[in-house]
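Visitor: Can you walk me through this one? I'm in my first year, so please keep it plain.
Guide: Fine. Here it is.

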Amino acid sequence: MCYILFVKGVVLIMEKQAKLDVAAKLFPSVTSKKNSAVFRVSAVLKENIDPYYLQIAVNLIYEKFSLFFIRMRRGVFWNYFDKNYMHFTVSKDIKSPCENILTYENKGYIIKILYYKNRVSVEAFHSITDGSGILEFLKSLIYYYICIKYGTIAHQGKILLYDSIDEQCDDSFTKHFRDVEKKLIKKTSSKSAFLIKGKRYKKRGNCVINGIVSLQETKKYCKANECTITDLFIATMIIAIYNSKQKGTRNKNPIVIAVPVNLRGLFPSKTLRNFFGVVNIGYEMTDDTDFKTLLTSVKIQLKTLISQSNLLGSSAKNVHFSENIFITHIPLIFKNLMLPIGYKFASERKKTITLSNVGKIDFPDEAKPYIEHIEVMLYPTAKSPINCAICSYEDKLVVSFTKSITDVSVVREFFKVLNNITKSEIYVYSNDWGDANEKM
Amino acid sequence: MFIQMTGVMQMKKCESCNVFVYDSESNCPLCHKFLGEAKSTAVEYPSYNSIIKEQTALKNIPLFLVLFINIICIFINMVTYDKGEVIWSIIVFASTFYIYFMYKIVSENMRYGKKIVLSYISLSSFLIIIDLTSGKLFWSTDYAFPFITMATVLYLTSLSIRNKQMFTEYFGFLLTVTSISLLSIISFLLDLSNSSWGPFVSILSSIIITLGLYLFSEKTLKEELKKRFNRK
């Protein structure tokens with residue numbers, strides 16, 4: 001029955017929309033072994049996961065999130081979404097987080113639902129959704145899992161209810177930015193950022209180091225210093241990278257933190273597809289830079305860059321580029337050769353690290369006793385081998401570093417600086433990727 | 001200690017990094033200093049090293065066996081070549097690799113249509129090699145290859161008719177088999193077959209069936225082409 005509902009939902013979606021949005025078009029072309037474009041969200045529960053109940057929960061949300069249960073196929077000019085009639089099954093987590101999703105191993109799906117002991121993880125290829133979309137998916141999955149295993153609980157309006165297919169798969173980029181006048185489109189040029197280099201793991205995979213701090217204590221510090229949590233973590237990250245990597249070198253390039261911004265807060269949208277922008281916060285560090293000055297600069301930059309007018313201009317630029325008649329009619333095979341080069345120079349070299357704060361994740365009150373905390377993990381890329389994602393649940397603020405290099409100094413320095421600044425306790429754990437002899 | 005207050009987790013402390021480390025870690029994740037034996041906790045990740053070693057070892061056993069058998073056979077064939085002047089090791093080579101490929105096709109997680117096409121290619125290649133190395137009677141190009149082609153085409157056709165949702169997918173595989181069947185012409189031109197009827201019947205039947213499916217597919221195939229050309 002669930003399978004029939006799922007197929008019906010997918011067919012409806014496919015009839016409505018098979019095209020990829022502007023962000024989704026880029027990811028398949030720039031994906032490589034060093035850049036998987038796969039991110040992960042996990043929920044750590046208080047008890048071991050039962051795969052039988054998890055599969056039932058997945059079956060129940062098939063239709064609601066049918067947008068995610070598709071396969072991506074190669075078209076002549078762009079990739080496109082197509083129906084996937086294979087039965088989706090949950091699987092045991094045996095690979096390191098954010099590795100490439102091999103579609104032939106995953107029945108053609110570009111989403112994975114994994115379980116291991118107390119953790120349920122959802123990994124998704126960035127073409128189908130962004131962090132906000134996948135978190136809605138995880139919340140629904142956990143809610144239904146708890147309902148099935150422990151008995152029905154009230155959703156309190158905190159779980160995504162059934163929206164129309166139109167709203168779910170709405171291409172909000174095109175809707176909001178297609179008609180933006182050309183004079184509002186921003187032409188940006190910035191110099192190359194400081195890049196983190198390091199020895200990659202012998203066995204391809206990612207190491208994750210999670211640190212948990214108290215949300216209340218962090219908020220207290222932010223309130224006293226009139227900044228946001230994102231401001232604080234960006235400034236801390238810049239100091240950490242400077243102290244561990246740039247200090248004492250001749251490289252004076254700015255340390256640039258790329259911050260993804262959820263555009264749903266600025267432009268009305270209920271889409272579960274990609275709808276985000278990226279702003280770059282940079283600072284040219286010297287030995288004399290003090291934390292307060294850096295924090296003030298970060299605050300001003302972030303406030304200016306995440307304004308509606310700025311994001312309108314930068315997002316419209318991408319939409320206009322992807323809809324350019326010349327670009328549209330270049331066969332995909334040539335786009336796949338050209339786009340990685342453009343991506344490398346226009347994006348990869350302009351940032352040192354990506355830091356994504358997905359914010360506070362809220363569950364219904366009756367579900368809270370079953371959940372320990374939530375983790376969000378970003379994939380490392382070729383030029384940005386360490387990335388960081390932050391999320392909070394109840395009083396636990398989880399900072400997750402995902403890295404493809406053996407060097408741990410940036411992460412160590414980050415927690416050291418954070419500890420010195422906020423004086424709050426930090427709790428760490430890792431997936432221990434890599435052999436013992438290549439950990440340093 | 002906001003985490004320990006929940007009573008679920010237990011911690012160690014790394015004095016050099018000034019952080020608490022979950023009990024699932026034996027070493028500090030930041031400085032790798034040994035902190036004590038690891039215990040099972042809620043945040044524990046899988047032990048990748050043992051999984052990778054186990055998978056790699058098991059994965060390589062069939063290939064190792066195939067290579068082992070072939071090296072031994074090639075060696076014996078070389079040593080005993082003077083007695084019969086027959087290169088029988090090629091037959092062993094083709095047979096073992098055919099079994100290995102079939103094992104891979106069956107065990108790997110791939111689309112059913114792809115499995116059919118790969119099995120068709122493997123079986124055809126295997127029979128042609130056997131034929132060419134055991135007397136060149138051309139039974140493979142005259143009968144085996146055309147009949148295997150026709151059987152594959154008919155099977156894919158029945159699958160695409162029975163399962164209309166997968167029609168476009170099976171049609172793609174059908175086109176692949178039809179394209180491969182055109183190789184029969186090459187075998188005929190290169191004098192690798194005795195009769196012309198077998199290869200031509202297989203090509204003709206493949207083309208007629210493919211064309212028929214296209215014409216009777218109504219909107220399905222046209223819709224698929226629209227999607228492929230990003231016109232939808």
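Visitor: Which residues of helix 3 of chain B are buried?
Guide: In helix 3 of chain B the buried residues are B:Ser89, B:Ala94, B:Thr96, B:Phe97, B:Tyr98, B:Tyr100 and B:Ile105. Buried means under 20% relative accessible area, exposed means over 50%, and partly exposed is in between, with a 1.4 Å probe and protein chains only. This is a predicted model, where local features need pLDDT of at least 70, side-chain atom pairs count only at pLDDT 80 or more, and totals for chains, interfaces and linings use all residues. Residues are numbered from 1 along each chain as its sequence is written, chains are lettered from A and ligands numbered from 1 in the order in which they are written, and side-chain values use heavy atoms, leaving out hydrogens and water.

Visitor: What span should helix 3 of chain B have?
Guide: Its 19 residues, 89-107, should span 27 Å at 1.5 Å a residue, and the end C-alpha atoms are 27 Å apart, which agrees. The expected span is 1.5 Å times one less than the number of residues. Helices here are DSSP runs (H or I, at least four residues), numbered from the N terminus.

Visitor: What is B:Val66 in contact with, leaving aside its neighbours within four places in sequence?
Guide: B:Thr96, B:Phe97 and B:Tyr100. Contact means heavy atoms within 4.5 Å. B:Val66 is in helix 1 (residues 48-79) of chain B, and is buried at 8% relative accessible area.

Visitor: How do helix 4 and helix 5 of chain B cross?
Guide: The axes of helix 4 (residues 112-133) and helix 5 (residues 139-162) of chain B come within 9 Å and cross at roughly 170°. Axes are lines fitted to C-alpha atoms, for helices over the stretch in contact, and angles run from 0 to 180 degrees between N-to-C directions. The two helices of chain B are therefore roughly antiparallel. Angles over 145 degrees count as that, under 35 as roughly parallel, 65 to 115 as roughly perpendicular and the rest as oblique.

Visitor: New topic. How many disulfides are there over all chains?
Guide: Zero. A disulfide is a pair of cysteine sulfur atoms within 2.5 Å.

Visitor: Why is A:Cys207 without a bond?
Guide: The closest cysteine sulfur, in B:Cys28, is 12 Å from that of A:Cys207, which is too far. A:Cys207 is buried, at 5% relative accessible area.

Visitor: And where is the cysteine sulfur nearest to A:Cys222?
Guide: In A:Cys227, 4.0 Å away, and A:Cys222 is in no disulfide. A:Cys222 is buried, at 4% relative accessibility.
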